[in-house]
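Colleague: Could you take me closely through the packing at the heart of this model, and through the parts of the chain that surround it? I would like the cut-offs stated as you go.

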Amino acid sequence: MNHDHGIAAPPLSMNGTSGMHYGKKMMMMHMTFFWGKDAEILISGWPGRRLGCGMYALALIFIFFLAFLVEWISHSRLIKPGGANNVWAGVVQSLLHAVRVGLAYLVMLAVMSFNGGVFLMAIAGHMLGFLLFGSRVFKRNMDILSSEKTSDLPPMSC
């Protein structure tokens, strides 16, 4: 008796890739980290093989910027404390949260390309963003000791 309902997982090859057919085109998906500029990140065909090293470098810079932006939003103080309109502050805080989560998901999807360069740039963007906005490096001693909120949004949790 067949219980798979006609759904079969694509077979893994010896190099850790899995193939799926889309029309007449065979698309390869990596299941292990790989190094090289021939990757598809976030958008089908981008940066791709035809566009060369320049577009791959642009993609890496873009991923770095996204991760950096997640950390900036996570540690920013854009809403003025003590404002009279709590509803408006709540709406702005909710929008900031939605943007932060959306950007974090984009970084996650980029890392799921399994490209080693993308992974390292995502880590570097988060690291530099946290160093500049979340660590004690650029804070005064009074800022560290105060019990005030340090950002508009609660910390991200897994």
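**The nonpolar core and its surroundings**

Modeller: The largest nonpolar core (buried Ala, Val, Leu, Ile, Met, Phe, Trp, Tyr and Cys residues joined through side-chain atoms within 4.5 Å) has 19 residues, and those with the most contacts inside it are Ile41, Ile63, Val107 and Val118. Helix 1 (52-74), helix 2 and helix 3 each supply at least two residues of this core, and the greatest share comes from helix 1, with eight residues. Helices here are DSSP runs of H or I with at least four residues, and strands are E runs with at least two, numbered from the N terminus; buried means under 20% relative accessible area, exposed over 50%, and partly exposed in between, with a 1.4 Å probe and protein chains only.

This is a predicted model, in which local features need pLDDT of at least 70 and side-chain atom pairs count only at pLDDT 80 or more, while totals for chains, interfaces and linings use all residues. Residues are numbered from 1 along each chain as its sequence is written, and side-chain values use heavy atoms, with hydrogens and water left out.

Let me begin with Ile63, which, when residues up to four places away in sequence are not counted, touches Ile41, Leu42, Ala110, Val118 and Ala122, a contact being heavy atoms within 4.5 Å. The helix that carries Ile63 has 23 residues and reaches 34 Å from its first C-alpha to its last, close to the 33 Å expected at 1.5 Å a residue, where the expected span is 1.5 Å times one less than the number of residues. Among the buried residues of helix 1 are Tyr56, Ala59, Leu60, Ile63, Leu66, Ala67 and Glu71, and the buried residues of this helix pack against helix 2 and helix 3.

On the side of helix 2, Leu106 is in contact with Leu42 and Leu66 once its neighbours within four places in sequence are left aside. Leu106 counts as partly exposed, because its relative accessibility is 32%. The C-alpha atoms of Leu106 and Ala67 are separated by 9.0 Å, although the two residues are 39 residues apart along the chain.

Helix 3 has 18 residues and reaches 26 Å from its first C-alpha to its last, close to the 26 Å expected at 1.5 Å a residue. Its buried residues are Gly116, Gly117, Val118, Ala122, Gly125 and Gly129, and what covers them includes helix 1 and helix 2.

The loop between helix 2 (86-111) and helix 3 (116-133) holds Phe114, and Ser113 and Asn115 lie in that loop as well. Ser113 counts as buried, because its relative accessible area is 12%; leaving aside neighbours within four places in sequence, Ser113 is in contact with Phe34, Glu40, Ile41 and Val118. Phe114 is not a glycine, yet has a positive phi of about 65°, and its relative accessible area of 26% is why Phe114 counts as partly exposed. Asn115 counts as buried, because its relative accessibility is 0%.

Asn115 also caps the N-terminal end of helix 3, with a side-chain oxygen 2.9 Å from the backbone nitrogen of Gly117. The side chains of Asn115 and Tyr56 are joined by a polar contact of 2.6 Å (N or O atoms within 3.5 Å; within protein, one must be able to donate a hydrogen and the other to accept it, and residues adjacent in sequence count only if both atoms are side-chain atoms). Not counting residues up to four places away in sequence, Asn115 touches Phe33, Phe34, Gly36, Ala39 and Tyr56.

The structure holds two aromatic pairs. Phe64 and Phe68 form a stacked pair, 6.3 Å centre to centre and with 15° between the planes; rings of Phe, Tyr and Trp (its six-membered ring) pair if their centres lie within 6.5 Å, and planes under 30 degrees apart count as stacked, over 60 as edge-to-face and the rest as tilted. Both residues lie in helix 1, four residues apart, about one turn of the helix, and together with Phe133 they form one aromatic cluster. Phe64 is partly exposed, because its relative accessible area is 23%, whereas Phe68 counts as buried at 18% relative accessibility.
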